[in-house]
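This briefing is about side-chain contacts, taken up in turn as charges over rings, aromatic pairs and salt bridges.

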Amino acid sequence: MSSVASVHSLWTVAAGAPGKIPAPHIEYAQLSPTLIVLGAAVIGVVIEAFVPRRHRYSSQLLLALVALAAAFAAVIGLAAGGFGSAKAHIAAMGALAVDGPALFLQGTILLVSLVAVFTFAERRLDPAAHGNHVDSFAAQPAAVPGGAAEQAAVKAGFTTTEVFPIALFAVGGMLVFPAANDLLTLFIALEVFSLPLYILCALARRQRLLSQEAAVKYFLLGAFSSAFLLFGVALLYGYAGTVTYAGIAEVISDGAKQIDPALAGAMGNDALLLIGAALVLMGLLFKVGAVPFHMWTPDVYQGAPTPVTGFMAAATKVAAFGALLRLLYVVLPGMRWDWQPVMWGVAIITMLGGAIVAITQTDIKRLLAYSSIAHAGFILAGVIATSEEGISSVLFYLGAYSFVTLGAFAVVTLVRDAGGEATQLSKWAGLGRRSPLVAAVFAVFLLAFAGIPLTSGFAGKFAVFKAAAQSGAGWLVVVGVLSSAIAAFFYIRVIVLMFFNEPKADGPTVAVPSPLTTTAIAIGVAVTLVLGLAPQYFLDLAGQAGVFVR
């Protein structure tokens, strides 16, 4: 009763003296990376409304690149200022964490997004339509596929420049997601980056019906996962009487010290805790693409425009694993014995499922989708380690994997036939003889995916397996190595197909890209080789960033 009375007195005081309501305290400088990106996204929407169509492409591209570069500079500034270590703290009235893992993941997301914007802006791969350069996106997304309105838009040379602000909104949500320090902020960030991705998936210029089908599947399954997550949040609130990570962790470890009378009947109920934690984990495992929540991945990767697939495959994984790490290490360390066996099972079936099903694929984008599922399993091995080495190994793996993925999908955009991108594996036969450089670059990415030494994939896999083995998960490492061997089979099969098969007479050609896509692929190769040949500096960097603020 006393708490109800105190709340009532607060109301009367606030009503009597409206000037006395305390203003929220927001650390704008420490949240600047996210604010820069979201501010630029809003400016991008204004550009769409007021700038003449012929100037939109250049202004949107420039705005996106400047915003992402400025946000990355802000992350570097915060890290240099000690916010990744000594000054790490909870900002925005408890909603967001500014600490090592948050800054490392935000920096990775921003760099990946910067490279992805280059692939979004590519306009030289498709033949010019009616004298105008065209990109990967529908001329008029609102028009019926194949209808008169779409044909008129193509004839007029329209390009869909709104993809840049939409992508910036997605990046803004991704920056908040791994830094969220309460469950409501986590949910809002999930929606902020998911909704733009649903839209981007539906915007392919070629194969528009397949693209729209992919977007609808992603939207429906994404809505299910969001519902699971939100229901889990409600149950965890019922259990702990708070949605803050620290508050829930405190109730789990110590029991409720100050019981809220309204929730006294439910608080401390272990059934609410177990079911709520399971539902929130399900929502995050969906975003990660772990088995059995992976069914959206191959269809969406295949149907979405390839630049969007690359962006989604790289950046979404980084954000989702960051949020998963923070949830398990900050909120649920007291439940480790409950969630570890479940995560063991998920990691094992994800590694084996992704690797085995990938062998049967005949489409290069679906093959890379199942490959990404297998990699989610490998990363989960590092998550399960529950140690600082586990966190730093996952951070390093995410950084390495994201650039390999972006580079691989950028190469896929170059191999084309009369119908657009030639994604059927059979069409890639003899590509190494027709275009040795492109085939060699793709082979580097495939070897990195396979975890061959001297590539970033090997350094990443070695780091997560070592962390898992040190934490006593030796059997998990055995399964991981076995899955890697299975996965190596289908990666090397593609290399053999490209270099040792005769090219077909009607085979695809390799389009000559503009400097934008060339830069994206070059950065992917450079990161893959540097992290493979000299990973120590970056492993140390991830190690320094491996402590969550609580």
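## Side-chain contacts

Arg53 lies over the face of Phe158, at 3.7 Å from the ring centre, and this contact, like the others below, comes from a predicted model. A second arginine, Arg336, lies over the face of Trp337, at 5.0 Å from the ring centre. The model also holds 18 aromatic pairs and eight salt bridges, some of which are described in the points that follow.

**Aromatic rings**

- A pair of aromatic rings is described by the distance of the centres and the angle of the planes.
- Among the 18 aromatic pairs is the one formed by Trp428 and Phe442, which is tilted, with 5.0 Å from centre to centre and 45° between the planes.
- This pair links distant parts of the chain, since Trp428 is in the loop between strand 4 (420–421) and helix 16 (431–434), while Phe442 is in helix 17 (residues 436–450), 14 residues apart.
- Trp428 is buried, with a relative accessible area of 0%, and Phe442 is likewise buried, with a relative accessible area of 0%.
- Elsewhere, ring pairs join Tyr198, Tyr218, Phe219, Phe286, Trp296, Tyr301 and Phe409 into a cluster.

**Salt bridges within a network**

- Side chains of opposite charge can pair when their charged atoms come close.
- Glu213, Lys217, Asp299 and Arg366 are linked in a network of salt bridges.
- Within this network, Lys217 forms a salt bridge with Glu213, the closest N and O atoms being 2.8 Å apart, and both residues lie in helix 8 (residues 208–240), four residues apart, about one turn of the helix.
- Lys217 is partly exposed, at a relative accessible area of 30%, and Glu213 also counts as partly exposed, at 39% relative accessibility.
- Arg366 forms a salt bridge with Asp299, with 2.9 Å between the closest N and O atoms, and this pair links distant parts of the chain, Arg366 being in helix 14 (residues 364–384) and Asp299 in helix 11 (residues 296–303), 67 residues apart.
- Arg366 counts as buried, because its relative accessibility of 19% falls under the 20% cut-off, whereas Asp299 is partly exposed, with a relative accessible area of 25%.

**A salt bridge between helix 16 and a loop**

- The side chains of Arg433 and Glu502 meet in a salt bridge, at 2.6 Å from N to O.
- Arg433 lies in helix 16 and Glu502 in the loop between helix 19 (474–500) and strand 5 (509–510), so the pair ties together parts that are 69 residues apart in sequence.
- Arg433 is partly exposed, with a relative accessible area of 45%, whereas Glu502 is exposed, with a relative accessible area of 57%.

Methods: Residues numbered from 1 in each chain as written. Predicted model: local features only at pLDDT ≥ 70, side-chain atom pairs only at ≥ 80, totals over all residues. Heavy atoms only, no water. Phe/Tyr/Trp six-rings, centres within 6.5 Å; stacked < 30°, edge-to-face > 60°. Helix = DSSP H or I, 4+ residues; strand = E, 2+ residues; numbered from the N terminus. Buried < 20%, exposed > 50% of the residue type's maximum accessible area, 1.4 Å probe, protein only. Lys NZ or Arg CZ within 6 Å of the ring centre and 35° of its normal. Salt bridge = Lys/Arg side-chain N within 4 Å of Asp/Glu carboxyl O.
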